[in-house]
Amino acid sequence: MRPDRILHAFLSLRHDFEARGLGLYVACGGEPKALATSSPNYHVIISSRNQERGEKALQDLQKEVPTGSFSLVLLDVTDSELVTKAAQLVSKDFGRLDVLVNNAGNIPPEAVTFLQELRETFKTNTFGAAVVTEAFAPLLEKSKDSHLIYISSELGSITERSDSSDLYYRVPAIAYRMSKAALNMLMMCHHVELGQKGIKVWAFTPGYVVTDLSRTGEAGKQERINNGARDPKESALGILACIDGRRDADVGKFVNKSGFHAW
């Protein structure tokens with residue numbers, strides 16, 4: 001039986017990355033309404049830059065949610081050829097895409113020049129998302145109820161950056177902030193352009209959650225926990241609210257799991 005909804009929850013795994021970031025929780029968070037368990041008619045596609053790591057992530061998903069429907073595509077958002085091949089594979093296997101979650105993110109190692117940091121950060125966080133959407137937009141257009149979600153960050157809010165009372169006012173993160181502010185503009189452009197074709201578009205910020213975005217392994221995750229980072233399952237449920245229709249009134253907005261952020 002063909003699934004009713006095809007969802008591509010991008011999990012862009014690096015070769016050195018343990019598959020336990022936000023992307024996996026979007027797919028299989030332990031809550032009852034998590035995507036993979038919310039409907040037997042959902043098929044979730046995850047993506048990985050590395051075949052071996054991707055297959056391990058897929059096996060973990062299948063073990064955690066044995067009743068779920070999953071598949072894997074090889075994808076590096078910074079490699080346009082792989083992006084094109086991934087879109088062609090999804091087209092061949094399913095003919096359409098109902099939900100696209102652009103979740104690939106990167107904070108380069110500190111031991112680089114500022115220019116290198118800018119290039120590496122934008123390459124994944126902004127350029128990659130733009131190229132992926134360009135490749136998959138025709139498949140979203142074939143869906144009767146399509147959703148496009150960009151995983152952004154409150155650090156990309158210009159209004160909040162200028163507010164000295166903001167929780168993250170003392171956090172520099174210039175390249176990362178710039179890349180997410182640009183991603184928000186990309187989202188709004190696609191809301192205007194693709195919205196005319198019936199595609200619902202959001203920028204969603206998961207907040208400060210436990211991931212390995214900074215590539216510092218278990219030590220980095222523990223540091224995040226010590227600094228108050230939340231369980232990524234909480235934010236995953238916020239993404240699900242966009243997917244299942246509960247946030248339809250907020251299309252075209254910069255949202256979090258329970259509210260909004262200023263641009």
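Reader: What surface does the protein expose, and what share of it do carbon and sulfur atoms supply?

Author: The protein exposes about 12400 Å², and carbon and sulfur atoms supply 53% of that area. The model is predicted. Of its 263 residues, 51% count as buried. The fold has nine helices and seven strands. Among contacts in the protein with a separation of 6 or more, 74% are between residues 24 or more positions apart.

Reader: What makes strand β5 largely enclosed by the rest of the structure?

Author: Strand β5 covers residues 147-151, and five of the five are buried, so the strand is largely enclosed. Buried here requires a relative accessible area under 20%. Both faces of β5 are covered: H147, I149 and I151 are buried on one side, L148 and Y150 on the other.

Reader: Which strands pair with β5, and how do you know that they do?

Author: Two strands pair if there are at least two bridges between them. Strand β4 (residues 99-102) is joined to β5 by four bridges, and the two run parallel. Strand β6 (residues 200-204) pairs with β5 over five bridges, also in the parallel sense. Both counts meet the requirement of at least two, so both are pairings. L148 illustrates this: L100 stands opposite L148, and in β6 the bridge partner of L148 is V201.

Reader: How many aromatic pairs are there, and why is the one between F122 and F127 called tilted?

Author: The count comes to two aromatic pairs. In the F122 and F127 pair, the ring centres are 5.9 Å apart and the planes stand at 50°. The centres have to lie within 6.5 Å, and planes under 30 degrees apart would be stacked, over 60 edge-to-face. An angle of 50° falls in neither class, so the pair is tilted. F122 is buried, with a relative accessible area of 15%.

Reader: Why is the pair of F254 and W263 called stacked?

Author: The ring centres of F254 and W263 lie 5.5 Å apart, with the planes at 25°. That angle is under 30 degrees, so the pair is stacked. As for exposure, F254 counts as buried at 1% relative accessibility, whereas W263 is partly exposed at 39%.

Reader: How do you know that the charged end of R247 sits over the ring of F260?

Author: The charged end of R247 is 5.5 Å from the centre of the F260 ring. The distance limit is 6 Å, and the end must also be within 35 degrees of the ring normal. R161 lies over the face of Y169 in another such case, at 5.6 Å from the ring centre.

Reader: What is notable about phi of A173, and where does A173 lie?

Author: Phi of A173 is near 40°, a positive value in a residue other than glycine. A173 lies in the loop between α6 (158-161) and α7 (174-195). At 27% relative accessibility, A173 is above the 20% limit for buried and below the 50% for exposed, so it counts as partly exposed.

Reader: How many disulfides does the structure hold, and what makes C189 and C242 partly exposed or buried?

Author: The structure holds zero disulfides; a disulfide would need a pair of cysteine sulfur atoms within 2.5 Å. C189 has 33% relative accessibility, between the limits of 20% and 50%, so C189 counts as partly exposed. C242 has 0%, which is under 20%, so C242 counts as buried.

Technical notes. Residues numbered from 1 in each chain as written. Predicted model: local features only at pLDDT ≥ 70, side-chain atom pairs only at ≥ 80, totals over all residues. Heavy atoms only, no water. Buried < 20%, exposed > 50% of the residue type's maximum accessible area, 1.4 Å probe, protein only. Phe/Tyr/Trp six-rings, centres within 6.5 Å; stacked < 30°, edge-to-face > 60°. Contact = heavy atoms within 4.5 Å. Areas by Shrake-Rupley, 256 points an atom, 1.4 Å probe, with all protein chains shown as cover.
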